[in-house]
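Grab your viewer and a notepad. Here are a couple of short exercises on one helix and the core it packs into.

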Amino acid sequence: MRIEEILDYKLKKLLADKANSVGDEDKKFILAQAKVKIQTYCHRRDIPKEAYYIWADIAIEILKTLNKSLFEKEVSEEDLLNKIT
């Protein structure tokens, strides 16, 4: 699998209907930033395919810091009423 496919799959699982709100440019940016972090830490010029899932996880963590609202759970009015006793 390509890194883009892994990232898309993980975003769909995490964000469900909000996954389409992450644009291609944003995905490229977070993947590039995560790649640099991995390469710097490991002192490598490449990233082995075995590390692609870690790469996607780091990219998602970067996205969480850039756009927290995507990962916030929406609470419905019914849920709020059920919590009140």
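**Exercise 1.** Find which residues of H1 are buried, and work out how they sit around the helix axis.

*Solution.* Start with the list: Ile-3, Ile-6, Leu-7, Lys-10, Leu-11 and Leu-15 are the buried residues of H1 (buried is under 20% relative accessible area, exposed over 50%, partly exposed in between, with a 1.4 Å probe and protein chains only). Now look down the axis: these residues fall within an arc of 135 degrees, so they line one face of H1 (the arc takes directions from the helix axis to the C-beta atoms). Flip to the other side and you'll find Tyr-9, Lys-12 and Lys-13 exposed. Last step: the buried residues pack against H2 and H3 (contact means heavy atoms within 4.5 Å).

A word on the ground rules: this is a predicted model, where local features need pLDDT of at least 70, side-chain atom pairs count only at pLDDT 80 or more, and totals for chains, interfaces and linings use all residues. Numbering runs from 1 along each chain as its sequence is written, and side-chain values use heavy atoms, leaving out hydrogens and water.

**Exercise 2.** Work out which helix gives the most residues to the largest nonpolar core.

*Solution.* The core has 21 residues, and Leu-7, Leu-11 and Trp-55 touch the most other members (a nonpolar core joins buried Ala, Val, Leu, Ile, Met, Phe, Trp, Tyr and Cys through side-chain atoms within 4.5 Å). Helices H1 (3-15), H2 (24-42) and H3 (52-66) each give two or more residues (helices are DSSP runs of H or I, at least four residues, numbered from the N terminus). H3 gives the most, with seven.
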